[in-house]
Amino acid sequence: MRYFLELAYNGKNYFGYQIQPNQISVQEVIEDRLSKILRKEISIVGAGRTDSGVHAKKMFIHFDYEEELSVDLIKKLNSFLPKDIAAYRLFLMDDEAHARFDATSRSYNYFISPFKDPFAFDSAWIFNRELDVGKMNEAAKLLIKQGDFGSFAKLHTDVKTNICDVREAFWRKNEYGQLVFQITADRFLRNMVRAIVGTLVEVGLERISIHDFEEIIEQKQRSSAGASAPAQGLYLVDVQYPKELFKNEFK
């Protein structure tokens, strides 16, 4: 039987989601705990591969297990998991359901705190310089298209294409006075959101123009874009799937 598990994690203490040699990862911890609880070696597949230090408020994984499970697995798993990883919901899926390939969209938020905040230094980018958010939003509209986003992709990765369908991209201010960048696409390249944020900040500082930003997109060269924003401000906040994919949620 194939199961989907919804979870969240604080990425501060991990070298990303995916298993890394000689480094601790979110995937390694979850596989270890599930294997101990179910008394069988369990391999999991995630909806995405967040980088080192990046957080997830909503992530899905899938795994296979021959016996029927119940909601008790959530309680047991949470008691075994460290405090910075939490399991929320368990679903029985069709046998061919895939946490990564069946996802229709993913959404990220990036948080910038415009003032020194002792409670946000490891969960947002502390950046207290004046930014022209209007220009940043105008530039962000240029991202909304299906196209090649190679200018914001980490170099020397094994992806076959840099084509992404970006469906929304905008800045807003939350109730805590932080700037929040929200972006949704069918897929994301490695380091893509952080590279976009870093380059949009250059627009906000008026170091580059909106026309320059458009040219950066068209050049499809990572060297054309700005530096990546720090990892701690980035959160995977949603993953969407076709509703008919889900057979049963255990409650």
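A residue counts as buried when its relative accessible area is under 20%. Keep that cut-off in mind as you walk through this predicted model.

**Stop 1: strand S5**

Select residues 105-113, which make up strand S5. Nine of the nine residues of S5 are buried, so the strand is largely enclosed by the rest of the structure. Colour the two faces separately and you will find both covered. On one side sit Ser105, Ser107, Asn109, Phe111 and Ser113. The other side carries Arg106, Tyr108, Tyr110 and Ile112.

**Stop 2: the partners of S5**

Now add residues 179-185, strand S9, which runs antiparallel to S5 and is joined to it by seven bridges. Zoom in on Phe111 of S5, whose bridge partner in S9 is Val180.

Next, show residues 234-240, strand S10. Its pairing with S5 is also antiparallel, this time over six bridges. Tyr108 is a handy landmark here, as it stands opposite Leu236 in S10.

One more partner remains on this stop: residues 125-126, strand S6. In which sense do S5 and S6 pair? They pair in the parallel sense, over two bridges. Pick Ile112 and look across to Trp125, its bridge partner in S6.

**Stop 3: the largest pocket**

Turn on a pocket surface if your viewer offers one. Rolling a probe the size of a water molecule over the atoms shows where empty space is left. The largest pocket has a volume of about 850 Å³. Its lining has 31 residues, and to find the centre you can select Arg49, Arg100, Phe188, Leu189 and Arg190, the closest ones to it.

S5 turns up again here: S5 and helix H4 (192-204) each give at least two residues to the lining. Which element supplies the largest share? That is H4, with three residues. Colour the lining by residue class and you get 13 nonpolar, eight polar and ten charged.

**Stop 4: the second largest pocket**

Move on to the second largest pocket, which holds about 190 Å³ of space. Select its lining: Lys36, Ile37, Leu38, Arg39, Tyr65, Glu67, Glu68, Leu69, Ser70, Asp72, Leu73 and Lys76. Helix H1 (26-38) and helix H2 (72-80) are the elements that give two or more residues to this lining. By class, the lining divides into five nonpolar, one polar and six charged.

**Stop 5: helix H1**

Stay with H1 and put a distance label between its end C-alpha atoms, which are 18 Å apart. This agrees with expectation, because 13 residues at 1.5 Å a residue should span 18 Å. Then highlight the buried residues of H1: Val26, Gln27, Val29, Ile30, Glu31, Leu34, Ser35, Ile37 and Leu38. What covers them includes strand S1 (2-9), strand S3 (55-64), H2 and strand S4 (85-93).

**Stop 6: positive phi angles**

Finish with a little backbone hunting. Most residues other than glycine have a negative phi.

- Arg39, just after H1, takes a positive phi of about 55 degrees. Arg39 is also one of the residues that line the second largest pocket.
- Glu206 has a positive phi near 65 degrees. Look for Glu206 in the loop between H4 and helix H5 (210-219).
- Lys220 is not a glycine either, yet has a positive phi of about 60 degrees. Lys220 lies in the loop between H5 and S10.

Is Lys220 buried, partly exposed or exposed? Its relative accessible area is 38%, so Lys220 is partly exposed.

How values were computed. Residues are numbered from 1 along each chain as its sequence is written. This is a predicted model: local features need pLDDT of at least 70, side-chain atom pairs count only at pLDDT 80 or more; totals for chains, interfaces and linings use all residues. Side-chain values use heavy atoms; hydrogens and water are left out. On a 1 Å grid over the protein atoms alone, a cavity is a set of points where a 1.4 Å probe fits but cannot get out, and a pocket is an open set with protein on both sides within 12 Å along at least five of seven lines; lining residues have an atom within 4 Å of a point. Grid points are joined across faces, edges and corners, and a volume is the space filled by probe spheres set on the points. Helices (H or I, at least four residues) and strands (E, at least two) are DSSP runs, numbered from the N terminus. Ala, Val, Leu, Ile, Met, Phe, Trp, Tyr, Cys and Pro count as nonpolar, Asp, Glu, Lys and Arg as charged, and the others, Gly among them, as polar. Buried means under 20% relative accessible area, exposed over 50%, partly exposed in between (1.4 Å probe, protein chains only). Two strands pair if DSSP finds at least two bridges between them. The expected span of a helix is 1.5 Å times one less than its number of residues. Contact means heavy atoms within 4.5 Å.
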